[in-house]
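Here are some exercises on how protein chains meet one another. Keep the structure open beside you and try each task before you read its solution.

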4 protein chains.
Amino acid sequence: MIIIMEPEATHEQIDTVLERIQEIGLNVQINKGSEQVVLGLIGDTRHIQDVAFQRYKGVAKTVRISNTYKLTSREFHPQDTVVDVDGVKIGDGSFVTMAGPCSIEGLDQIRETARMAKAGGAKILRGGAYKPRTSPYAFQGLEEEGLRYIRQAADEFDMKVITEVMDVEHIEVVAKYADILQIGARNMQNFKLLAAVGKTGKPIGLKRGISGTIDEWLNAAEYIAVSEKSPVIFIERGIRTYETATRNTFDLSAVPLIKKLSHFPIIVDPSHGTGVWDLVTPMARAGVAAGADGLIVEIHPDPEKAWSDGPQSLNEKNYLKMMKEVNVMTEAMKKINELKGDK
Amino acid sequence: MIIIMEPEATHEQIDTVLERIQEIGLNVQINKGSEQVVLGLIGDTRHIQDVAFQRYKGVAKTVRISNTYKLTSREFHPQDTVVDVDGVKIGDGSFVTMAGPCSIEGLDQIRETARMAKAGGAKILRGGAYKPRTSPYAFQGLEEEGLRYIRQAADEFDMKVITEVMDVEHIEVVAKYADILQIGARNMQNFKLLAAVGKTGKPIGLKRGISGTIDEWLNAAEYIAVSEKSPVIFIERGIRTYETATRNTFDLSAVPLIKKLSHFPIIVDPSHGTGVWDLVTPMARAGVAAGADGLIVEIHPDPEKAWSDGPQSLNEKNYLKMMKEVNVMTEAMKKINELKGDK
Amino acid sequence: MIIIMEPEATHEQIDTVLERIQEIGLNVQINKGSEQVVLGLIGDTRHIQDVAFQRYKGVAKTVRISNTYKLTSREFHPQDTVVDVDGVKIGDGSFVTMAGPCSIEGLDQIRETARMAKAGGAKILRGGAYKPRTSPYAFQGLEEEGLRYIRQAADEFDMKVITEVMDVEHIEVVAKYADILQIGARNMQNFKLLAAVGKTGKPIGLKRGISGTIDEWLNAAEYIAVSEKSPVIFIERGIRTYETATRNTFDLSAVPLIKKLSHFPIIVDPSHGTGVWDLVTPMARAGVAAGADGLIVEIHPDPEKAWSDGPQSLNEKNYLKMMKEVNVMTEAMKKINELKGDK
Amino acid sequence: MIIIMEPEATHEQIDTVLERIQEIGLNVQINKGSEQVVLGLIGDTRHIQDVAFQRYKGVAKTVRISNTYKLTSREFHPQDTVVDVDGVKIGDGSFVTMAGPCSIEGLDQIRETARMAKAGGAKILRGGAYKPRTSPYAFQGLEEEGLRYIRQAADEFDMKVITEVMDVEHIEVVAKYADILQIGARNMQNFKLLAAVGKTGKPIGLKRGISGTIDEWLNAAEYIAVSEKSPVIFIERGIRTYETATRNTFDLSAVPLIKKLSHFPIIVDPSHGTGVWDLVTPMARAGVAAGADGLIVEIHPDPEKAWSDGPQSLNEKNYLKMMKEVNVMTEAMKKINELKGDK
């Protein structure tokens, strides 16, 4: 952290700041120049992020140089982390598709969706048993019954399971049935939940909060990473902006940015990212091209009758068409990675 | 809910939609005109908010007329709800101030802050014992020890206590010490937590989420209200926008808007709303003028040394000055309410 | 400007940056410490804001210390600027109301509105003759005919005129009839127009752009100020955010913030700030309390039949009621300013 | 437009609305049901978008069904418009690259950049001669001298020219040198300028405003289209959101959405969309995959020394690498379009 004093800062003001730095156990590099004094803090500043230096008289600005996260950062861990979901690899250069309904509605529905998903090439089955809903009167999920159904359907089609866990109380039951625990967008900063799932050892699919910054997202991952048990899979699912023509604004720049800043893989969710079924396929293609490690997509045997998220779910025909296009794109990305290898 | 069919919608398409309406147990009013067919759904549509009518062929648009919340709405409960916090009334036309530090740092600090708060006229002491922090390496609160301190300090100065509860697990311990349970901005849509605090019977201070819409906020209150035990106090604390000159964008229009749509009281938090101590006083005044039922403000005996939120905390001198100005404003509002009474 | 080098920056990298600084004619203060090198640029950095120092190898971060605007800043001009609109003072501690219709619709309408406006205490008549409309098929204004009408109506009731000028070509004709030239939100960064109106010598009402930052707004004012002829009146009119319950999000924190950073007065526009007529009065009160120097409000003899902005316009009864409340608030603010004077 | 009356609306209230509809010359379809009355307006509602029906007593909601734009819409013009830039086709299924510096800095710089651009496969040279700058003290462009240079450089390398026109006054001079007139983001709603460039007959590159909605963008295009002379090329360049890790949030969903709603082509600008040079290449790839008709990218022989936008400009090596990857992507898109053709 750098503290820039105002040109007219007094000796006394500077000394007050220096005392405070000493008090909190850090060293300091003092740069006295003709224009202004600049103080460089030396030591681990992650623990002192709340010190209100900008509140001191004579301080013009404070600038944080280092990140507040560590285990999540690529600086700390330069090589890519490959997440192993019981044999299915995410982040190893292959491209993994997760597909399924928004809500698990019954055994028949999830089995039929699993068949569709597998036919298109998905290796991981998604589906919600605990649903975070804006209104208390909306369908809240089948709970453990739903978990049993999705596990059975996934096993039948030799797939893995990703499903959301909404609170600490249900981690155990969800972890019993699921291969990846998903943290929903509304819970990106539910810190108690993050810390708790991080201890399960299961891979955690961490959705970006609806107004989460890249920096907050990386710090949320750090809450999981500190236990050094569960790896993280970032899931970009769109952010809230002024634009209402799409359900969210799908921020695909997050893909190369997260890959630059962190070693954990990132996948994209064009269903929530757009909210409109006929935008899902082009944005899935764009996700591949941006460099994502995978895709999570909502599909349903009969989207008109889906219990939730019908408007953004693909039916079988459109899903299979999307997967063909995604495959062309992943082939193109292989060529591009070979181009890079030549350099 | 109104379903507007496209001008070129076929009889078959209209029939498919009508069948679906019947299937979900609602009646329908069919308006066939020269331009297009308009279907009006009759019955309680709160439970069918997920039906994907817009996904059906031939449907141009769907329009929701009624709200998805009910107990929270002023339609349902036209008169103002007055919240009684163990004798301190909120929403009865008086103006209540809650003041205290961001974090409880120790017994001396919270006692000294309570003294200051009381001296300015605050009746409720605020202070965090469980702190939701962006980084896992930041100070996370004194937990139950902190709760004991704030209770002791409040009792000494004959004040009530508001403090945040972050997860279901800690509701019991927080409720043991606090008079109002606060739900933080990051938890506005932590639905399990909302449902659980709603059962305690304690008043719930519900902060607006950092990107919560007015409609989502009212629905979040509904999760609390459904138990018909705990009343809600809305807390406007600023929203996330593109502007970075302030920590958040303080949306004071929410005050008259919430008062129009709901019967529960609303107070304002100019500390988080602005993030800058010298903007707190003018925005506290503006909050009174907008019609808020109260104010929650961060104060500290020594803001430069506060363990968190120092930049937005008022010291004693500035807090007392703010309270004088707030008092002039509340007097002015009394006159204005008398003007209204004359009409 | 401060340039912070990375800890691992090489001598060569530092030298390259130093050369570039020399090339652009600035001096530098070099701070070599144990952790990293910090370079402080000495001289006027307003002209070199585009130098891409952050693009140089070895540079960790660049931090701008000084503003890119000057004549607009309070640093440069510590005392408040009082704008004199042909005898009506803005920014001298009084509170000025500007009222009138969105569009001038005819002579009778603007005369009737002027009568209403004056009856409530407004000293300045607003009304649009050139209207910036989202769609080319919407009403675009009566143009010069409208200007003649508003001038006539204002003169009849001894009022001043504020009206929008949309392009350089019409400055002359608008300036012939108006006392204050208004720059609309969509033109906040129409730099050619800003520079041109700045040369007229007339006061300029500069609306904040729909997504204008405080910093961009101050820089836009600087385009006007550089001619040192026309004073600026800032107009806060709400910004675009994700919230759709109001037409815009009315950012009242801008009032104390602009008063801290600039010497020019600032007024508020609760009509566009909220977009809903029954929120206008509480937010007008809040604007006074936040410290605004005045108010601009849309009124209409018959809002249901207004040619534009009907939903946010006040009728005579509601406008007169608002003005009574605003007057109570301005009295309260006088008391508060006396309190400050005592200190 | 549909007007939905409240269930408790009186006959008198309904009649008042009906009278108003008649007054403005429209017919109406009255749907009286058991729950509420729904009025369907019949006729061209583009000219009456300002009628404040929502202001009338008894009106619950108004819903616009048809767009306020027409000539820009795909409904009106189902087949794709192919823009012919003096022989270079945009929107015909090929993919066109426009490349060049942010600012034209001199003849040598623009010639050298043209050589680079051509070497990578770009057919159109970009470069600014009139620069809209946040601060009046920043470099404002070489003006007509710059236009001469870019024309000369483009002719030497057999390229076309796209450059920005900032105001009505300069249209003639810019049109003398340029093949495509660009409207910058800050001018997306400078309606006088839009109308004026629309009359030149030159293709117009219409950048999305920094907070422009999709609907406003289409309406802005309509201002150009009404003259039926100049075709429009939409340019997605990122929007302003709360996220600051990138300069803007690059909204690639706009690509398939604009193609669905309009017949005009759309290209993407990953330089402004991200603001960071090492995110430009992945986002250029993503733009191709999303279905864009082309790409506009900032390149510079020496980005560290660029007079503006250095941080987001590519040097020769990185630009050539990007173009190789873009070419792999355009090949992939051809395969995908063939897949579609089979269906």
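Let us begin with the interface of chain B and chain D, where the rule finds two residue pairs in polar contact, both at pLDDT 80 or more. Please keep in mind that this is a predicted model.

**Exercise 1. Confidence**

Task: State which scores the model has and what mean pLDDT chain A reaches.

Solution:
- Step 1: Look at the whole model, which scores ipTM 0.94 and pTM 0.95.
- Step 2: Turn to chain A, whose mean pLDDT is 93. In chain A, 98% of the residues reach 70 or more.
- Step 3: Remember the general caution that predicted coordinates should not be read in detail where pLDDT is low.

**Exercise 2. Where chain B meets chain D**

Task: Describe the contact between chain B and chain D by its residues and its buried area.

Solution:
- Step 1: Start with the residues: chain B brings 19 to the contact, and chain D brings 19.
- Step 2: Now take the area. About 1600 Å² is buried between chain B and chain D, and carbon and sulfur atoms give 66% of it.
- Step 3: Find the main contributors in chain B. B:Gln29, B:Ile65 and B:Tyr242 supply 27% of what chain B buries against chain D, more than any other three residues.
- Step 4: Check for salt bridges; the rule finds zero across this interface of chain B and chain D.
- Step 5: Locate the strands. On the side of chain B that touches chain D, at least two residues each come from β1 (2–5), β2 (27–32), β3 (37–42) and β4 (59–63) of chain B. The largest share, three residues, belongs to β2(B).
- Step 6: Sort this side of chain B by class: seven residues are nonpolar, seven are polar and five are charged.

**Exercise 3. A symmetric pair**

Task: Work out what relation links chain C and chain D.

Solution:
- Step 1: Superpose the copies. Chain C falls on chain D after a rotation of 180 degrees with 0.0 Å of shift along the axis, and the RMSD is 0.0 Å.
- Step 2: Name the relation: it is that of a two-fold axis.
- Step 3: Find the residue of chain C that comes closest to the rotation axis: C:Ser211, with its C-alpha at 3.1 Å.
- Step 4: Compare the surfaces. Both copies use the same surface, since 100% of the contact residues of chain C recur in chain D.

**Exercise 4. Where chain C meets chain D**

Task: Describe the interface of chain C and chain D, from its area to its helices.

Solution:
- Step 1: In this contact, 56 residues of chain C meet 57 residues of chain D. Together the two chains bury about 4700 Å², with 50% of it on carbon and sulfur atoms.
- Step 2: Look for charged partners. The rule finds four salt bridges across the interface of chain C and chain D. C:Lys305 forms a salt bridge with D:Glu23, with the closest N and O atoms 3.2 Å apart; that passes the cut-off of 4 Å.
- Step 3: Next come the polar contacts, with 23 residue pairs, both residues at pLDDT 80 or more.
- Step 4: Pick out the elements of chain C that give two or more residues to this side: α1 (11–23), α5 (191–197) and α6 (214–225). The most come from α6(C), with five residues.
- Step 5: By class, the side of chain C that touches chain D holds 21 nonpolar, 19 polar and 16 charged residues.

Notes: Residues are numbered from 1 along each chain as its sequence is written. Chains are lettered from A and ligands numbered from 1 in the order in which they are written. This is a predicted model: local features need pLDDT of at least 70, side-chain atom pairs count only at pLDDT 80 or more; totals for chains, interfaces and linings use all residues. Side-chain values use heavy atoms; hydrogens and water are left out. Contact means heavy atoms within 4.5 Å. Buried area is the accessible area (1.4 Å probe) that two parts lose on being put together, summed over both. A salt bridge is a side-chain nitrogen of Lys or Arg within 4 Å of a carboxyl oxygen of Asp or Glu. A polar contact is a pair of N or O atoms within 3.5 Å; within protein, one must be able to donate a hydrogen and the other to accept it, and residues adjacent in sequence count only if both atoms are side-chain atoms. Helices (H or I, at least four residues) and strands (E, at least two) are DSSP runs, numbered from the N terminus. Ala, Val, Leu, Ile, Met, Phe, Trp, Tyr, Cys and Pro count as nonpolar, Asp, Glu, Lys and Arg as charged, and the others, Gly among them, as polar. Copies are superposed by least squares on the C-alpha atoms of residues with pLDDT of at least 70 in both. pLDDT is the predictor's confidence in each residue, from 0 to 100.
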